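Ready for a few hands-on exercises? Open the structure, try each task yourself, and then read the solution.

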Amino acid sequence: MDRLGSFSSDPSDKPPCRGCSSYLMEPYIKCAECGPPPFFLCLQCFTRGFEYKKHQSDHTYEIMTSDFPVLDPSWTAQEEMALLEAVMDCGFGNWQDVANQMCTKTKEECEKHYMKHFINNPLFASTLLNLKQAEEAKTADTAIPFHSLKMAVVDIYHSRLKERQRRKKIIRDHGLINLRKFQLMERRYPKEVQDLYEAMRRFARIVGPVEHDKFIESHALEFELRREIKRLQEYRTAGITNFCSARTYDHLKKTREEERLKRTMLSEVLQYIQDSSACQQWLRRQADIDSGLSPSIPMALNSGRRSAPPLNLTGLPGTEKLNEKEKELCQMVRLVPGAYLEYKSALLNECNKQGGLRLAQARALIKIDVNKTRKIYDFLIREGYITKA
């Protein structure tokens with residue numbers, strides 16, 4: 001049983017073949033007895049007599065193809081669909097683009113065929129007119145007049161223009177066009193006033209630029225007055241009653257702060273007192289800085305590696321299995337207890353097998369930093385857990 005049908009010209013729009021799951025290319029076969037869903041086969045699977053579940057090779061079938069004329073003997077149904085899709089994609093009147101998309105017809109042939117059979121065809125014209133009248137009758141009560149739509153679009157456009165003009169005026173009045181210059185002007189204020197400026201910037205659009213600047217300047221003046229009052233209260237607390245004594249007090253306070261800073265820096269250096277040469281270099285560098293000379297010796301802290309703080313073992317699993325010396329080792333080496341116990345067990349087993357253990361063998365067993373391996377190896381030998389080979 002032969003019948004004719006058609007699908008879209010795009011192969012990916014067609015259902016796949018039930019035999020080989022490939023995209024169907026016309027012509028292909030549709031089983032007339034199976035379905036729904038429809039059962040499609042490509043020609044290769046059909047000639048092999050493919051059977052699947054209820055489908056048998058002796059079922060009646062339909063040949064699905066669009067290679068037949070519909071409106072014009074020289075135009076197949078597939079070309080008719082391709083023309084309509086091309087006009088929808090490229091737009092009415094762009095016949096050269098339509099012809100390029102179709103690839104089988106020229107620009108003149110596309111235009112002539114479309115105008116003859118889809119525009120000037122009385123059958124299609126009357127059908128479209130009836131559909132248009134029915135749609136207008138159906139939506140007569142709810143449809144929005146066209147002139148109302150145009151007025152709404154114009155109102156939206158004008159509102160956008162007004163908003164854009166308002167924002168431009170704010171930027172121009174507040175001097176925000178040159179942002180770099182605006183940022184430099186902000187830096188003349190203390191940090192607290194800068195933070196206030198940043199927080200109040202969003203309210204600049206509510207008031208004018210002059211009022212906004214007066215507001216910020218008043219808060220900057222308030223900040224300066226509060227700082228001056230706090231300084232005078234400090235003088236009064238220290239028992240100072242004149243400005244001459246206040247200058248002496250400020251000088252001594254600055255000197256004390258510098259000394260405190262030096263002591264703090266020295267205490268940091270003393271943590272590395274084992275490296276006497278680095279400490280001496282740091283002291284000479286500080287002496288050059290105090291005398292106003294450029295330091296010729298690099299800082300010892302920058303030239304060497306700074307050791308990390310000891311590892312805090314509180315709450316780490318396996319800590320309760322360690323003795324005090326092992327805990328101290330894990331803290332200094334910054335090794336979690338679980339990993340240490342695993343490395344220790346591996347080294348003990350290897351030492352028992354070999355009757356002794358060398359450092360190179362230990363480094364081959366545990367793949368971690370060589371310095372940490374050396375410290376673990378030395379600790380286990382010192383505590384008598386393993387012996388040297």
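The exercises below go through backbone angles, a buried threonine, strand pairing and a surface patch.

This is a predicted model, where local features need pLDDT of at least 70 and side-chain atom pairs count only at pLDDT 80 or more, while totals for chains, interfaces and linings use all residues. Residues are numbered from 1 along each chain as its sequence is written, and side-chain values use heavy atoms, with hydrogens and water left out.

**Exercise 1.** Find where Lys53 and Arg334 sit, then check the sign of phi for Lys53 and Arg334.

*Solution.* Start with Lys53: look in the loop between helix H1 (43–47) and strand E3 (61–64). Helices (H or I, at least four residues) and strands (E, at least two) are DSSP runs, numbered from the N terminus. Lys53 isn't a glycine, yet its phi is positive, about 50°. For background, most residues other than glycine have a negative phi. Lys53 is also exposed, at 70% relative accessible area. (Buried means under 20%, exposed over 50%, and partly exposed in between, using a 1.4 Å probe and protein chains only.)

Now jump to Arg334, in the loop between helix H13 (324–333) and helix H14 (337–354). Its phi is positive too, near 60°. Arg334 is partly exposed, with a relative accessible area of 37%.

**Exercise 2.** Is Thr319 buried or exposed, and what does its side chain reach?

*Solution.* First locate Thr319, in the loop between helix H12 (300–303) and H13. Its relative accessibility is 12%, so Thr319 counts as buried. Next, follow the side chain of Thr319: it reaches the backbone oxygen of Leu316 at 2.7 Å. Finally, skip the neighbours within four places in sequence, and Thr319 is in contact (heavy atoms within 4.5 Å) with Leu313, Lys327 and Pro337.

**Exercise 3.** Work out which strands E1 pairs with.

*Solution.* Two strands pair if DSSP finds at least two bridges between them. Take E3 to begin with: strand E1 (residues 28–31) runs antiparallel to E3, with four bridges. For one of the partners, go to Tyr28, which is bridged to Met64 in E3. Then try strand E2 (residues 40–41), which is antiparallel to E1 and joined to it by two bridges. Here Ile29 stands opposite Leu41.

**Exercise 4.** Which residues make the nonpolar surface patch of about 290 Å²?

*Solution.* Look for Phe203, Ile206 and Val207, which make this patch. Zoom in on Ile206, in the loop between helix H8 (191–200) and helix H9 (209–237). Ile206 is exposed, at 63% relative accessible area.

Technical notes. Polar contact = N/O pair within 3.5 Å; in protein donor to acceptor, adjacent residues only side chain to side chain. Patch = residues over 30% accessible without salt bridge, like charges linked within 9 Å, V, L, I, M, F, W, Y side chains within 5 Å. Areas by Shrake-Rupley, 256 points an atom, 1.4 Å probe, with all protein chains shown as cover. Salt bridge = Lys/Arg side-chain N within 4 Å of Asp/Glu carboxyl O.
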